[in-house]
Amino acid sequence: MRTNLKWAAAAIACSVVFTGCSSNNNNSGNANAAQTAAPSADASAPAESVNWTPIIDAYRQYSIGQADTLITETDKFVTAVKSGDMDTAKKLYAPTRMYYERIEPIAEALGDLDPDIDARENDVDAADWRGFHRIEQGLWVNNTTADVTDFADRLLDDTKKLRALMETVDIEPSLLVTGAVGLLNEVSSSKVTGEEERYSHTDLYDFAANVEGAQKIYELLKDDLNKKDADLESKIGTSFDNLNKALDTYKNGDGYVSYTDLKEEDTKKLSQLIDALAEPLSQMGVILGAE
Amino acid sequence: MSEHQDDQKQTQMKEHLLNKPLSRRDLLRMAGIGGAGLLLGAAGVSGVLEAAGAIKAPENKPNHAGNGGIVDFYGEHQAGITTPSQNFIMFAAFDLVTVSLDDVRVLFQAWTAAAAAVSRGETVQAESGNENLPPADTGEAAGLSPSRTTITFGVGASFFDSRFGLAARRPAALVDMPAFGGDELRPEWCGGDIGVQVCSDDMQVAFHAVRNLARIGRGKVVLRWTQEGFQRTGAADPAGSTPRNLLGFKDGTGNPDVTDNRLMNEVVWAQPEDGTDWMAGGSYMAVRRIRMRIEVWDRSTLADQEQTFGRHRSSGAPLGSANEFDPIDLNAKDDTGKALIPVRSHVALAHGDGSVRILRRSYSYSSGMDNKTGQLDAGLLFICFNRDSRKQFIPLQQKLGQNDALNEYIVHNGSALFACFPGVRQGGYIGETLF
C-alpha cells in the first residue's frame, strides 16, 4: 500500500505551497509547479484546518471494533468448518466476511495480511493461497470441510494478527479519504460483477459491507466537509441514500439474495449508482486542500 | 470545368489560405477584393471571404485545413450540423436519473462550459493543484489540438415525459418514430433522454469529450448507449471527395449546399412559425445504427451492387451517367426501354421527385465481431438533420423501408430522434430557450 508515501508527498507539496505563499513576491517569476498549480483563491482563503486527531481516533476505534467482532465471528465459522458442519459453515461465511470488508482500506495498509485473508484464486501463487476464498472453494465447489480445516485455523490466526497490528498502525488523513473511494472501487471492480464470490455468489454481502465502510468514513468527515464544501457533502449524502435504497431491495432476511438472482439490468443499475457516489466521494480530498 | 472541379479548386484555395501564413497582398489577390486596411486575424480570414462571396465553403465535405482548427461552440446554430464533417464521431445517448429540473439545468450549464472549453482545445476545468483530489480533467487530450471538435446536444421524446413537467413543451415534431420496414431494433441502441454528437478530427479528443461529459453528469445522467464512427481522414483523402460507405459506394453526394442559408432554413433549421418557439434555430437529428450484412454483400456481383444503389460504384455517377454529380434522371431508359436506374434502387427512392431533402452526416462504424455468428458488426451510423422529421426523414425512411433494394443487405438495429437546441450565445447555455 502506497498510501503513507502518498500522504507524505502531499504534505510536502502543501508545505511548499505554504512557503510559496508567504514569500510570493520574491518568487513571482518562479515556475515551480507546486506553487503555480495552487489556485490563488485557495491560497488566500483563511486557513481553517481540520483537526484530524479525533477523527482518526474515532476511525481507529471503529476499525478495532470491527476487527474484534471479526475474530469472534471467524471463531464461530472456523468451529463449524472444523466440526464438519457444512450448513452452518456456509451460513456463517458471508456475514463473517462483512466485518473484514468494512475495514479493508486499513487492512490493506498492513502488509501481506490482505492477501492472506482475502486473496482470490490466482491472485497469489497457488502454494500461498489461503484465507476466506480458499475455504469458500472447499465448501461450495469441493463440497467438503475436510480439505480446509487447516486453512480455517490459519484464517483465525491471521485475523488476530490484523487486530494486533491495528493498535499501532499510523492512520494518515489521506488513508481515510482514499480508503472510502477504494472501498467503492472494490465494489465496482469485483463485487458488482460477481467475481469476488465466484463459488458462493454472496457478493452482495461484500457489496453492502464495502459501502458501509465507506459511509462510516464519510460520516466521520461530514462536519468538516460541510464547512469546506456543503454542496459536495450533501451530494455524497444523497448518493449514499440512493445506493442504500437500491441495495435494500435485494435484502433477504438478515442477508442478501444470491448474486445469481440479479438480472443484467440490476447489475447495471447498482454499478451506475456506485459510480454516481464514487465520483463526488473522490472529491473528499478537498478537506486536505492547501490551507 | 465542371461545378465539382470548381468546388475542389476552391476547397484547395481555402486550404492554402488557412495553412499558410498570408501576406496581405496574397489575401487580396486570391480573394479578388480590393481595399486597404484589412486587419484580420488568421481565424477571421475565411469568415470574411465567405461573407464577401469570394470563396464558397465546401459542401459538407471535410475541411482539410489541418487538424488544429477551432469550431466555435457558440453561435446562432449549434456547431456540428452544417459544420463540414470531421474524421471521427463518438455518439452518446444519456438517460437522466435525477428527477429535478434544477439539476438538469445545472448539468446543462456545466456541460456548456465544458463543451465550449473542449472545442477550444482546453481542459474541461482548471486544475486545483490539490494532490489529494483526482484531476479535474481526465487528461488524455492534454496537448492535443482542438481538432475541429464539435459537440451537439439534443433531447429525446422521453425528456418530455412526466418527470420534469415539460410535457406541454414537447415539440409536435419530436414524434415517436414509427415502425419502419427492415427494423430489427435492439433496445441497447435506441432512444435516450439526451443525445450528444461529438465529432472531431481525432478519436482521442472525441472520446475525451464524451468521457468528461459523462463524468460531470455522474449521479444525474447515465450513459444509455454509445457508438463510435469514422470517415476516411483528411490525410487519406486530401481532395475531400464524397466519402464512401463500407459497401464501397459514395455516400452523401446529394446533400444540400450548407452555405445556402435560404436552403438551410428550408431543410435543416426549425423556424419560429413551425410551432415550437424554443426550437427556432434548432434542428431534429435522426440517428440510426444500420448494420450491413457485409459478408452477403461481398458475395454479390458488381452489377447487382450497382443496380442496388442505382449508381456506378467507381465514379459514384447515376447509372448511365459519367460523373458523380450528374443529375439523376429517373426517366432515362436503355435501348430496350428499361429504366437505367431501377425504381427500387436506393438512389431512385431516396431522390424521389427531389422535393424531400435532408442533411446527411453519417459515419461508418465497426464494432468488432458478432460473437454469435462470427460476422463483422459493421455498418453505418446514419445521422441526418432536418427541420421536421415528420415531413422529411420519416416519409423518406418509410419509402425506403418498404421498397429499397438495399434492404437485402442492411438491417436497422438502432434508432433515436433528438430535438437539437438552437445555438448558444456567449454566457448562455444549451437548452436555455426551453427552461
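Q: Do start me off with the helices: is the crossing of α4(A) and α11(A) left-handed or right-handed?
A: The crossing of α4(A) and α11(A) is right-handed, a term used when the near helix is turned clockwise from the far one by less than a right angle, left-handed being the anticlockwise case. Helices here are DSSP runs of H or I with at least four residues, strands are E runs of at least two, and both are numbered from the N terminus.

Q: And what is this model, and how are things numbered?
A: This is a predicted model, in which local features need pLDDT of at least 70 and side-chain atom pairs count only at pLDDT 80 or more, while totals for chains, interfaces and linings use all residues. Residues are numbered from 1 along each chain as its sequence is written, chains are lettered from A and ligands numbered from 1 in the order in which they are written, and side-chain values use heavy atoms, leaving out hydrogens and water.

Q: Back to that pair, at what angle do α4(A) and α11(A) cross?
A: Helix α4 (residues 52-82) and helix α11 (residues 203-228) of chain A cross at roughly 160 degrees, and their axes come within 10 Å (axes are lines fitted to C-alpha atoms over the stretch in contact, with angles from 0 to 180 degrees between N-to-C directions). α4(A) is therefore roughly antiparallel to α11(A), as angles over 145 degrees count as such.

Q: Which residues of α4(A) meet α11(A)?
A: On the α4(A) side they are Trp52(A), Ile55(A), Ala58(A), Tyr59(A) and Tyr62(A), and they meet residues of α11(A) including Glu212(A), Lys216(A) and Leu220(A), where contact means heavy atoms within 4.5 Å.

Q: How far apart are the axes of α12(A) and α13(A)?
A: The axes of helix α12 (residues 230-248) and helix α13 (residues 264-281) of chain A are 9 Å apart, and the two pack at an angle of about 160 degrees. That angle makes α12(A) roughly antiparallel to α13(A), and α12(A) passes α13(A) in a left-handed crossing.

Q: How many helices and strands does chain A have?
A: Chain A comes to 13 helices and two strands, and of its 291 residues 50% count as buried, meaning under 20% relative accessible area with a 1.4 Å probe and protein chains only.

Q: Changing topic, where does Lys333(B) lie?
A: Lys333(B) lies in the loop between α8 (302-309) and α9 (346-351) of chain B. Setting aside residues up to four places away in sequence, Lys333(B) touches Lys338(B), Ala339(B) and Leu340(B), whereas its C-alpha atom is separated by 33 Å from that of Ile383(B), 50 residues apart along the chain.

Definitions and conventions: Angles under 35 degrees count as roughly parallel, over 145 as roughly antiparallel, 65 to 115 as roughly perpendicular and the rest as oblique.
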